[in-house]
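Visitor: I would like to go through this model with you, beginning with one of its helices. May I put some short questions?

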Amino acid sequence: MKKEIVIPKLRPEMQEAVVCAWLKEVGDPVKKGEPIFEIETDKVVTQVESGFEGTLVEQCCEEGDTVGVLEKVALIEETA
Amino acid sequence: MEKTLEKAEDLQAAPPSLGKKPDWLKVRYNQEATEEVAALMKDLRLNTVCKEANCPNMGECYRKHTATFMILGSVCTRNCRFCNVTCGRPEAVDEEEPMNVAKAAKQLHLKHVVLTCSTRDDLEDGGALQFAKTIRAIRELCPGTTIETLISDMKGRTESLDIVLEAKPEVLNHNVETVKELQKAVRPQAAYERSLGVLRYCKQHSPDIRVKTGFMVGLGETEEQIDRLMDDVLETGCDILTIGQYLQPTREHYPLVRYATPEDFARYKKNALLKGFHHVASAPLARSSYRAWEALEDVHGLY
């Protein structure tokens, strides 16, 4: 089953973030808790972890893209 | 100006960048791990400074089931230029808050609780009694748990400080925040001498309480000013020092001047220990309450 990884809402006023780096490529295995991509926020760079175990099947944006909070960034095909 | 009146786009805008953020300012975030603590706080109507200050360490601390409680509401009467906490007209003091903090500490199995507050210049005692009540509630529900209070200057009123000291927290923390020369620009409603006075008074009146302070770098201070700040703080009898990188919350806040390197922080630490501080936490993401129990354990046998 495909699971979405979204831009987390790190604070109430946050509306978007810049995806500054991909840490996993399409086809890479992903463990639960492993960082998948980095977003730049006001204060720091945050590595967003996967909530699922499986394979990265889609990168929904490119490095440098601005993505809205809770919008899809990556798709993971979850291991059954 | 109340921060709540800022335009939404200003809150969104990243502060003027010093270029790419350095590698040492990277943190991890896990939705699931963070939500558990966030849900508990919401259930008990509690605030954390982790959330209100948009702390970069929140992901790590919540995952480890630690948090710093912010009592006396999430709205502050002061508008310090470095701080992300909302300034405005505060709410009434919540009488159930002390026991709710104790309940949360118990549920999270905290062995060390850090309590801080919004600065309440509108209250006669600066919120001291709420601190004392919260300490007593934690003592009642969580025997054996150590307590650290990170207080405002309480306008320097010794009657207020006495109320907190009489409740006997293990650690009394009050931040000087920055060097003498930048006080007016960075925290206009506070004062360097008053903050040093708070530290000195607390140590003199409760010598068995560990006194702690912290400051930020990256606001434009010089190395000589940092050196003098350490001397001034040490002279008050302060035991524990924390030094961390200032991170500009929004473009409306005090401008970030530089990123100090991990080597800079190592040098500050070495210097502070040589001067005579008992424990020093100095790192880019070191914050007042970050891994606070480690500092307490380190100085535990001092007195």
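Visitor: Which exposed residues sit on the face of H7(B) turned away from its buried side?
Guide: In this predicted model, that face of H7(B) carries B:Glu159 and B:Glu166.

Visitor: And which residues of the helix are buried?
Guide: In H7, residues 158-166 of chain B, the buried residues are B:Ser160, B:Leu161, B:Val164 and B:Leu165. They lie on the same side of H7(B), because the arc they cover around the axis is only 135°.

Visitor: Why would residues so spaced share a side?
Guide: An α-helix has 3.6 residues a turn, so residues three or four places apart point the same way.

Visitor: What covers the buried residues of H7(B)?
Guide: The cover includes two helices of chain B, H6 (128-141) and H9 (192-205), together with strands S6 (146-150) and S7 (171-173).

Visitor: What follows the helix?
Guide: B:Lys168 follows H7(B), and its phi is positive, near 55°.

Visitor: Turning to the cores, how many residues has the largest nonpolar one?
Guide: It has 76 residues. Those with the most contacts inside it are B:Phe69, B:Leu115, B:Phe131, B:Phe215, B:Met230 and B:Ile243.

Visitor: What does B:Phe215 touch, beyond its sequence neighbours within four places?
Guide: Its contacts include B:Val176, B:Ile226, B:Leu229, B:Met230, B:Leu241 and B:Ile243. Apart from the largest core lies another, of 20 residues, among them A:Ile7, A:Met14, A:Phe37 and A:Val48.

Visitor: What does UniProt list for chain A?
Guide: An unreviewed UniProt entry gives "domain: Lipoyl-binding" for residues 2-77 of chain A. That span is 53% strand and 0% helix, and its end C-alpha atoms lie 4 Å apart.

Notes
Residues numbered from 1 in each chain as written. Chains lettered and ligands numbered in written order. Predicted model: local features only at pLDDT ≥ 70, side-chain atom pairs only at ≥ 80, totals over all residues. Heavy atoms only, no water. UniProt positions renumbered as here; feature names shortened; annotations may be inferred. Core = buried A, V, L, I, M, F, W, Y, C linked by side-chain atoms within 4.5 Å. Buried < 20%, exposed > 50% of the residue type's maximum accessible area, 1.4 Å probe, protein only. Contact = heavy atoms within 4.5 Å. Arc of directions from axis to C-beta.
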